[in-house]
Amino acid sequence: QVQLDEAGGGLVQAGGSLILSCTASGHTFNYPMAWFRQVPGEDREIVAGISGLLDNTYYSESVKGRFTISRGSTRNIIFLQMKNLKPEDTGVYFCAASPRNGRTYIPKKEASDYDDWGQGTQVTVSS
């Protein structure tokens, strides 16, 4: 099991920026990871994902062009750079890891693909 520790949430005005980080425990990190968002009463939805190999990325349509997911040089940390934030970006952001999917080139998009989750970090965008 991978332990995931998130940081970087907070309150920001519309049009502002935030960077989230997620640090994974363990010794190997070539597996898919992702950021999901959840609002009250709704299921978690993917925001962005990154593959285990080659760091191919996926973005939901609502954040494409504004958010960037990346992996650090040590590969045990991922970032979500969020720009031009909108009130509809508000929610709890969860980091997720999929070690069982191992060394793959395709980002995983479904919550069911991920076994390990962080505790979540609140992002609130005021209008």
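# Notebook: strands, salt bridges and a few odd residues

**Entry 1, the sheet around S11.** I began with strand S2 (residues 10–13), which pairs with S11 in the parallel sense over four bridges. For my own record, two strands pair if DSSP finds at least two bridges between them, and helices (H or I, at least four residues) and strands (E, at least two) are DSSP runs numbered from the N terminus. Before going further I noted that this is a predicted model, where local features need pLDDT of at least 70, side-chain atom pairs count only at pLDDT 80 or more, and totals for chains, interfaces and linings use all residues. Residues are numbered from 1 along each chain as its sequence is written, and side-chain values use heavy atoms, with hydrogens and water left out.

Back to the strands: I found Leu11 opposite Thr124 in S11. S11 also pairs with S9, this time in the antiparallel sense and over three bridges. There, Tyr93 has Thr121 in S11 as its bridge partner. I then looked at the two faces of S11, which spans residues 121–126. Thr121, Val123 and Val125 make up the covered face, while Gln122, Thr124 and Ser126 make up the uncovered one.

**Entry 2, salt bridges.** How many salt bridges does the structure hold? I have seven on my list, a salt bridge being a side-chain nitrogen of Lys or Arg within 4 Å of a carboxyl oxygen of Asp or Glu. As a reminder to myself, side chains of opposite charge can pair when their charged atoms come close.

I went first to Arg37 and Asp89, whose side chains meet in a salt bridge at 3.6 Å, N to O. This pair links distant parts of the chain, 52 residues apart: Arg37 sits in strand S4 (residues 33–38), and Asp89 in the loop between strand S8 (77–82) and strand S9 (91–97). Are these two buried or exposed? Both Arg37 and Asp89 are buried; the cut-offs are under 20% relative accessible area for buried, over 50% for exposed, and partly exposed in between (1.4 Å probe, protein chains only).

Asp89 turned up again with Arg66, in a salt bridge whose closest N and O atoms are 2.8 Å apart. Arg66 lies in the loop between strand S6 (57–59) and strand S7 (67–71) and Asp89 in the loop between S8 and S9, so this pair ties together parts that are 23 residues apart in sequence. I noted a relative accessible area of 10% for Arg66, which is buried, and 1% for Asp89. A network of salt bridges links Arg37, Glu45, Arg66 and Asp89.

I also looked up Glu61 and Lys64, a salt bridge with its closest N and O atoms 2.7 Å apart. Here Glu61 is exposed at 62% relative accessible area, and Lys64 is partly exposed at 47%.

**Entry 3, Ser98.** I found Ser98 in the loop between S9 and strand S10 (116–117), and with 0% relative accessibility it counts as buried. Where does its side chain reach? It reaches the backbone oxygen of Asp113 at 2.7 Å. Setting aside neighbours within four places in sequence, Ser98 is in contact (heavy atoms within 4.5 Å) with Tyr31, Pro32, Asp113 and Tyr114.

**Entry 4, Cys22.** Cys22 belongs to strand S3 (residues 18–24) and is buried, with 0% relative accessibility. Beyond its neighbours within four places in sequence, its contacts include Leu4, Met33, Trp35, Ile77 and Cys95. I also checked the C-alpha separation of Cys22 and Gly41, which are 19 residues apart along the chain: 25 Å.

**Entry 5, positive phi.** Most residues other than glycine have a negative phi, and I kept two exceptions. Leu54 has a positive phi of about 70 degrees; its place is the loop between strand S5 (45–50) and S6, and it is exposed at 66% relative accessible area. Arg75 has a positive phi near 70 degrees. I found Arg75 in the loop between S7 and S8, where it is partly exposed, with a relative accessible area of 23%.

**Entry 6, a surface patch.** Leu54 came back once more: with Tyr105 and Ile106 it makes a nonpolar surface patch of about 370 Å². My rule for patches takes residues with over 30% relative accessible area and no salt bridge, joining like charges within 9 Å and nonpolar side chains (Val, Leu, Ile, Met, Phe, Trp, Tyr) within 5 Å. The areas come from the Shrake-Rupley method with a 1.4 Å probe, and for residues only the protein chains shown count as cover. Tyr105 is in the loop between S9 and S10 and is partly exposed at 48%.

Technical notes
A polar contact is a pair of N or O atoms within 3.5 Å; within protein, one must be able to donate a hydrogen and the other to accept it, and residues adjacent in sequence count only if both atoms are side-chain atoms.
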